[in-house]
Amino acid sequence: LSTWSAVPAGPPDPILGVTEAFKADTSSQKINLGVGAYRDGNGKPYVLSSVKKAEELLSASNPDKEYLPISGLPEFTKAAAKLAYGDAAPLKKNAVAVVQSISGTGALRIGGAFLGRFFPHAKAIYIPNPSWGNHTAVFRDSGLEVKQYRYFDKKTVGLDFAGMKEDIKTMPANSIVLLHACAHNPTGVDPTPEQWIELSNLIAEKQLFPFFDMAYQGFASGDTVRDAFALRHFVSAGHQVALAQSFAKNMGLYGERVGAFSLVAADAEEKARLESQLKIVIRPMYSNPPLHGARIASTILNNEKLYADWLSEVKGMAERIISMRERLYDNLVGLNTPGGWGHIKSQIGMFSFTGLTTPQTQKLAEKAHIYMTADGRISMAGLNAHNIDYFSESVSKAVK
Ligand code: PLP
């Protein structure tokens, strides 16, 4: 008998399943809107030219392959914190503890493990319903109790702001609340700046602890400062936040796994204590983080010319996505597609909750070779000038 004979097969990953079905389809018209990775105007993966230039500079400097410190590449973590927090007071007084992470997922996991060990109250984290599919598993495996708050209103295909506030009001004081800093995944629905200000006040009143997941800074609006509004507002309002950052989308460094986790401390002395414990969390997990991607990101963030190039490339990616939103909206309305489609334009970031039902998504796969997750979420990045008219017509037919 095998040692593993009692291990049951796990369910397949719902998003990878979409890719499998897409691969198996032999139609030349097929479109994959499942994956959360940027595609250029020809549907191809895109390596940023600022990234290529950074790699050339790096290669010319002939760097070694020694281990990084447990907390990562110092020039990178410093620049990553600056990108997120800007001129926030805690950063200026050296009161932000920051460590490099294995992209955004690793940052969430370090944060989950740290909170599991040191958060001085009940270890419950509230995440939006719906949320990025991995949040529940990451926090549950970190030892936190995962609960949900209302976020999305199916009727308006928009934010259920009243429901969200009601749920926040009924959370036990000193709970942890996870917030998507911008470009909420999977809905594409974000609070407005005014709503963020209200949320910040409410979260302060209830003495909740905000944990920001910022996987799309710059990628949402095209502007890294605008996308950091919620985080920076909370910090300026005095919240001690936790932050997970990813450079997967905004630098296109997906497989390089570049990210950072940070905590706002009271002062420099507390920051040093937090960093010492973050290292103790990291050391037995993977010892120290990978080198190459952090060097790329650090080269870009610390070189004035490359930084400017990168900002315009992020803007370019965001703008291409925004233009696809406009064109999809115009097409659907032009085709007299039943229903309101304004949400396609008001949503932000890589994803859009179209409002398509599961049977409609199945019909699109079977009849039109168009693949998306069963909840009707599409990756806007998968649309381009070559396929958007076909996609719009197919959606219009599926809804009629
Ligand atoms: N958080 C959110 C909301 C995401 O959408 C993603 C990626 O899709 C991540 C975190 C983590 O991504 P990565 O680990 O590739 O940085």
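Trainee: Which residue follows α8 with a positive phi?

Mentor: Happy to start there, and keep in mind that this is a predicted model. Helix α8 covers residues 193-205. The residue that follows the helix has a phi near 50°, and it is Gln207.

Trainee: How far apart are the end C-alpha atoms of α8, and why does that agree with its 13 residues?

Mentor: Take 1.5 Å a residue, counted for one less than the number of residues. For the 13 residues of α8 this gives an expected span of 18 Å, so the model agrees, with its end C-alpha atoms 19 Å apart.

Trainee: Where do the buried residues of α8 lie, seen down its axis?

Mentor: Good one! The buried residues are Trp196, Leu199, Ser200 and Ile203. The face turned away from them carries the exposed Glu194, Asn201 and Glu205. The buried residues fall within an arc of 105°, so they line one face of the helix.

Trainee: Which elements do the buried residues of α8 pack against?

Mentor: Start from the buried set, which includes Trp196 and Ile203. Their partners are two helices and two strands: α7 (161-170), α10 (229-236), β7 (176-180) and β8 (209-214).

Trainee: Which helix gives the most residues to the shell around the ligand?

Mentor: The shell divides into 3 nonpolar, 8 polar and 1 charged residue. Among its members are Ser103, Gly104 and Thr105, along with Trp132, His180 and Asp213. With 3 residues, the top contributor is helix α5 (residues 103-118).

Definitions and conventions:
Residues are numbered from 1 along each chain as its sequence is written. This is a predicted model: local features need pLDDT of at least 70, side-chain atom pairs count only at pLDDT 80 or more; totals for chains, interfaces and linings use all residues. A residue is near a molecule or strand if its C-beta atom, placed from the backbone, lies within 6 Å of it. Helices (H or I, at least four residues) and strands (E, at least two) are DSSP runs, numbered from the N terminus. Ala, Val, Leu, Ile, Met, Phe, Trp, Tyr, Cys and Pro count as nonpolar, Asp, Glu, Lys and Arg as charged, and the others, Gly among them, as polar. A residue is buried if 20 or more other C-beta atoms lie within 10 Å of its own, exposed if 12 or fewer, and partly exposed in between; C-beta atoms are placed from the backbone. The arc is that of the directions from the helix axis to the C-beta atoms. Two residues are in contact if their C-beta atoms, placed from the backbone, lie within 7 Å.
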